[in-house]
Amino acid sequence: MKKNILFFALIAVFSCNTIIAKSFTPAFVKGSTANYLRLGICNHEFNENEGLGIGNSSAEVHAVTKLSADFVAPYEGAIITGINFGLCEPLSNITVFIRETATGAYIASKKLANAKKGWNSVIFDTPLTLEKKNYYIGYHIPTLPPGSNALGYNHKSAATAEARETLMLSIDKGAFDDFTDYGLVLSIQLLLTGDEAKFGNKAEVVEIGRTKPQPINSVLDIPVKFRNIGTNKITNIEITYKLGTNTPATQSFSIEAPAGSVPQTVTLEDVQINMSGNFTVSITKVNGIEFSGTPVSIQINTYDPTKNAERKVLLEQFSTEKCGSCPSGTSTLKKVVEQPEFADNVLWVVHHAGYYPDSYTIPESVSYERFYGNADYVYAPAMMLDRTIFDEYENVPVMGIDGDEEIVADFFREALNVPTTTSIVITQSNTVDVDRKVRIEVYGKDLSGTPPTEDLYVYIFLLENGIKTTTQSNSGGSYTHNNLIRSAVNGAGGAKITWNGNTFSVTAEATLPTEWKAENMDVVAFVAKNYQNPLNNTQVLNAEKVKLIINSLTAVENVYSETIHAYAKNGTIVVNGEYTSISIYGIDGKEFRNNNLPKGIYIVKVENKSQSAVKKVMLR
């Protein structure tokens, strides 16, 4: 369910068999009667028999699309001669215009007395010089007749943060409503003129094929999608690429890419993956002529296959009581999570955010709406896995919950197959029975031996299960919330890791409100990158989940703990005090025998009949 308010009644016709492409193709072609370059987000063809309307009422309509400053930048200095727009029915007294904001004053405009079905070209009396800034191009229909479906549009893939506001409508001078999320683009373009140097040989990188983490020193073929944004046919293109601090390398490709053609993909072959880092690609020659294309980057991560840690995946669901579709989405996730291959490996937490807040919403969950890419276009039910982009059709970590359980399971498998060298273990020193305080310690280790140079953070959530409610939308009157995030103990941003060699530890404390049932609560901790990083670089490296211990240190046990002292000597752990048994664990969760221990941090559990204590010991 979408959070933004949509005027469904305004849309008269939607195609039920829309083809969603992986990317949209701007139309860059010369006109047949004049040397115009048609520049727009839309394709240069649209279905003239399938348009948009406002239903059975007449209304005044403004239709607008945004061309961002980055989008028009390759043509800076060209002359804006006019507007080209598409209709599915003839209309009268149409005014085309250009604005610098959606509702601002016209910086260019002209009225067309009679507009025909199909493309209509309108030439301004006074042309403009194209600058690197946002342009809102559109047309004004003083009266759209009842039942008319005249507005031409194209289909495109789901909107991204760089391609919002591609079809906005204002009805009877009301606020603009954006229909971009429906995969719609207004059929409208700028008409540009200029010299051959401005228009001739131009190309743009559209995207770089995403890559999973790669074994260090592997060799990889990497696809690069580009498009012709000039007026000349491209027969040869040169691409320069660089991984991290490596020396840049170049590969050339013979191709056939006419002006206005759809994006094409070439493959960089035998790329040496000898480090983790940004993989940057740019076009440096077009048809043998030097060209300075805008660089595009992705993050490539490497790992040593001999030093992997046990892997668990963090599943973050977005769901609220006001979302009528969320019980169904939760049911789908439950069926998949409970499958044996996922039951202990996919750790499920639920943010009450994404479709209006409810009584269980916490501020930290709302702040995580940034993972949608644009907080104005959040929705539920939705999910993300390890804050990583797994859906090839999306450019953000958040994705919808498909009702097909096998599709969801495939995403889980893909996430579990991402290797990690980071281990994580949770210990607790709680006095819930005494003062409802919990003290959580999270330990970890980088098994590669070399801690990451990028900042990492530990995030700790407290969850509650078995919460009965009668206010969940579309639940039949009763519903049970599980895995509900009650608290982000160390805040939305987590606690920054300070490495001690290749190990770390983070401590967090909280007091449980009396209405929380501690016996139904869990602790989830995970290591991840900064959640405010670019959305293709916020990955969770590993996660762990344990039951909240209610009385690990009651008042009596706390006295016992103070009588126990543990320290390292000659490769062993020595315990002073009364005990019946001791257990020794590394911070990767593995149990050790108490002899010939390697250097590192150890968790020592000491038991004496019904009493117990937990100590941390460092062996240097």
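These exercises, each with a worked solution, explore a predicted model of a protein.

**Exercise 1. The whole protein**

Task: Find how many helices and strands the protein has, and what share of its residues count as buried.

Solution:
- Step 1. Count the elements. The protein has seven helices and 42 strands.
- Step 2. Turn to burial. The protein has 620 residues, and 52% of them count as buried.
- Step 3. Look at the surface. The accessible area is about 26900 Å², with 48% of it belonging to carbon and sulfur atoms.
- Step 4. Check the contacts. Take those between residues at least 6 apart in sequence: 72% of them join residues at least 24 apart.

**Exercise 2. Helix 5**

Task: Compare the span of helix 5 with the expected value. Then decide how its buried residues are arranged around the axis.

Solution:
- Step 1. Helix 5 covers residues 405-416, twelve residues in all.
- Step 2. At 1.5 Å a residue, 16 Å is expected; the distance from first C-alpha to last is 17 Å, which is close.
- Step 3. List the buried residues of helix 5: Val408, Ala409, Phe411, Phe412 and Ala415.
- Step 4. Look down the axis. These buried residues fall within an arc of 155 degrees, so they line one face of helix 5.
- Step 5. Find what that buried set packs against. The partners are strand 23 (313-318), helix 3 (326-337), strand 24 (346-351), strand 25 (382-385) and strand 26 (399-400).
- Step 6. Inspect the N-terminal end. Asp404 caps helix 5 there, with a side-chain oxygen 3.0 Å from the backbone nitrogen of Glu406.

**Exercise 3. Helix 3**

Task: Do the span check for helix 3, then name the elements its buried residues pack against.

Solution:
- Step 1. Helix 3 has twelve residues, which should span 16 Å. Its end C-alpha atoms are 16 Å apart, so the two values agree.
- Step 2. The buried residues of helix 3 are Cys326, Pro327, Gly329, Thr330, Thr332, Leu333, Val336 and Val337.
- Step 3. They pack against strand 23, strand 24, strand 25, helix 5 and strand 31 (479-481).

**Exercise 4. Two open sheets**

Task: Identify the edge strands of the four-stranded sheet with the order 40-39-41-42. Repeat for the six-stranded sheet with the order 5-4-7-2-9-10.

Solution:
- Step 1. Recall the basis of pairing. Strands of a sheet pair through backbone hydrogen bonds, either parallel or antiparallel.
- Step 2. The four-stranded sheet is open and its pairing is antiparallel. Strand 40 (591-592) and strand 42 (611-619) are at the edges. Each has a single partner strand, so one side of each lacks a neighbour in the sheet.
- Step 3. Zoom in on one pair. Strand 39 (residues 581-586) joins strand 40 through two bridges. In this pair, Ile584 has Phe592 of strand 40 as its bridge partner.
- Step 4. The six-stranded sheet is also open, with antiparallel pairing. Its edge strands are strand 5 (106-115) and strand 10 (177-178), each pairing on one side only.
- Step 5. Strand 4 (residues 91-99) joins strand 5 through eight bridges. Here Arg99 has Tyr106 of strand 5 as its bridge partner.

**Exercise 5. Strand 16 and its partners**

Task: Decide whether strand 16 is largely enclosed or open, then describe its pairing with strand 17 and strand 19.

Solution:
- Step 1. Strand 16 (residues 234-243) has ten residues, and seven of them are buried, so the rest of the structure largely encloses strand 16.
- Step 2. Strand 17 (residues 249-257) pairs with strand 16 over seven bridges, in the antiparallel sense. Ile237 has Phe253 as its bridge partner in strand 17.
- Step 3. The hairpin of these two strands has five residues between them; Gly244 takes a positive phi near 55 degrees.
- Step 4. Strand 19 (residues 277-286) also pairs with strand 16 in the antiparallel sense, over seven bridges. Ile239 stands opposite Ile283 in strand 19.

**Exercise 6. Unusual backbone geometry**

Task: Locate Pro381, Tyr356 and Asp386, and state which backbone feature each shows.

Solution:
- Step 1. Start from the rule. Most residues other than glycine have a negative phi, and most peptide bonds are trans.
- Step 2. Ala380 and Pro381 are joined by a cis peptide bond, with omega about -5 degrees. Pro381 lies in the loop between helix 4 (363-367) and strand 25.
- Step 3. Tyr356 is not a glycine, yet its phi is positive, about 65 degrees. Tyr356 lies in the loop between strand 24 and helix 4.
- Step 4. Asp386 is not a glycine either, and its phi is positive at about 55 degrees. Asp386 sits in the loop between strand 25 and strand 26.
- Step 5. Check exposure, using under 20% relative accessible area for buried. Asp386, at 1%, counts as buried. Tyr356, at 33%, is partly exposed.

Note on methods:
Residues numbered from 1 in each chain as written. Predicted model: local features only at pLDDT ≥ 70, side-chain atom pairs only at ≥ 80, totals over all residues. Heavy atoms only, no water. Buried < 20%, exposed > 50% of the residue type's maximum accessible area, 1.4 Å probe, protein only. Contact = heavy atoms within 4.5 Å. Areas by Shrake-Rupley, 256 points an atom, 1.4 Å probe, with all protein chains shown as cover. Expected span 1.5 Å × (residues − 1). Arc of directions from axis to C-beta. Polar contact = N/O pair within 3.5 Å; in protein donor to acceptor, adjacent residues only side chain to side chain. Pairing = 2+ DSSP bridges.
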